[in-house]
Amino acid sequence: MKPDALAAGSAWPAAEVSRFLETWRGPLRLAVHTESGFPLICSLWFLHHDGRIQCATQASAKVVECLLRDPQCGFELASNEPPYFGVRGHGLARVSSEGSMDLLGRLVDRHLGSRDTRFARWLLGRDVDEVTITIDIEWMTSWDFRRRMDG
């Protein structure tokens, strides 16, 4: 993340945003531009690493096609149930096949907790071209309605 990427009006300071990104286990919602001009939103597992967000998906995924054409994207990580809180932002995405299977393994560890489940074995054993999506964060903010909604 660029040093000045965190919005001044963010509910949380940079350290708390980083802590959230390191511990949040829900999916990242990634918004991209389609060729038709309509947005596409895709939910992906993610890791926050070195100030960037990384996801893995199949090379044939529509989201990859969109990012290769236009790397601008938006993202959100947020609770689905009240009280609402989370992080949203935008950045530029790069798609690469380098290290993607290693990333997929780390994503399985993070989001499933074990590689020894039927779903984990299926994910890791597929014969597909996996790619890494790396988002360089340009702007980000957080919001937190827990105090307002808990009262």
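Strands are DSSP runs of at least two residues, numbered from the N terminus, and two of them count as paired if DSSP finds at least two bridges between them. In this predicted model, β5 and β6 form a hairpin with 6 residues between them. The two strands of the hairpin run antiparallel and are joined by 7 bridges. One of the residue pairs in this ladder consists of Glu76 and its bridge partner in β6, Arg88.

On its other side, β5 (residues 72–78) is joined to strand β1 (residues 28–33) by 4 bridges, again in antiparallel orientation. Along this ladder, Arg29 is found opposite Glu76 of β5, and Ala31 is found opposite Gly74 of β5. Of the 7 residues of β5, 5 are buried, so the strand is largely enclosed by the rest of the structure.

The hairpin belongs to an open sheet of 7 strands with antiparallel pairing, in which the order is β2-β1-β5-β6-β7-β4-β3. The edges of the sheet are taken by β2 and β3; each has a single partner strand, so one side of each lacks a neighbour in the sheet. From one strand to the next, the twist averages 35°.

Helix α1 packs on the sheet, where it touches β3, β5, β6 and β7 (130–144), and its direction makes about 70° with that of β6. Helix α2 (residues 62–69) lies across β1, β2, β4 (52–58), β5, β6 and β7, and runs at about 50° to β1.

In soluble globular proteins, nonpolar side chains tend to be buried together. The largest nonpolar core in the model comprises 29 residues, and within it Leu30, Phe75 and Ile133 have the most contacts. Two or more residues of this core come from each of α1, β1, β4, α2, β5, β6 and β7. The greatest contribution is that of β7, with 5 residues. Beyond the residues up to four places away in sequence, Phe75 touches Leu28, Arg29, Leu30, Ile53, Val87, Arg88, Gly89, His90, Ile135, Ile137, Trp139 and Met140. A second core, separate from this one, has 8 residues, among them Ala56, Leu103, Leu104 and Leu107.

Across the whole structure, the search for aromatic pairs returns 6. In one of them, the ring centres of Phe20 and Phe85 are 6.2 Å apart and the ring planes are at 80°, so the pair is edge-to-face. This pair links distant parts of the chain, with Phe20 in helix α1 (residues 14–23) and Phe85 in strand β6 (residues 85–96), 65 residues apart. Both members fall under the 20% limit for buried residues: Phe20 has a relative accessible area of 8%, and Phe85 has one of 14%. Phe20 and Phe85 also belong to one aromatic cluster together with Trp12 and Trp24.

Another edge-to-face pair is formed by Trp45 and Phe119, with 6.3 Å from centre to centre and 80° between the planes. Here too distant parts of the chain are linked: Trp45 lies in the loop between β2 (39–44) and β3 (47–49), whereas Phe119 lies in helix α4 (residues 118–125), 74 residues apart. Trp45 is partly exposed, at 24% relative accessibility. Phe119 is likewise partly exposed, at 42% relative accessibility.

Aromatic rings are also approached by charged groups. The charged end of Arg88, the residue that serves as bridge partner of Glu76, sits over the ring of Trp143 at 4.0 Å from the ring centre. For Arg110, the charged end sits over the ring of Phe46, 4.7 Å from the centre of that ring.

Ser10 is placed in the segment before α1. With a relative accessibility of 14%, Ser10 counts as buried. Apart from neighbours within four places in sequence, the contacts of Ser10 are with Val17, Thr141 and Ser142.

How values were computed. Residues numbered from 1 in each chain as written. Heavy atoms only, no water. Phe/Tyr/Trp six-rings, centres within 6.5 Å; stacked < 30°, edge-to-face > 60°. Buried < 20%, exposed > 50% of the residue type's maximum accessible area, 1.4 Å probe, protein only. Lys NZ or Arg CZ within 6 Å of the ring centre and 35° of its normal. Axes fitted to C-alpha atoms, helices over the stretch in contact; angles between N-to-C directions. Contact = heavy atoms within 4.5 Å. Core = buried A, V, L, I, M, F, W, Y, C linked by side-chain atoms within 4.5 Å.
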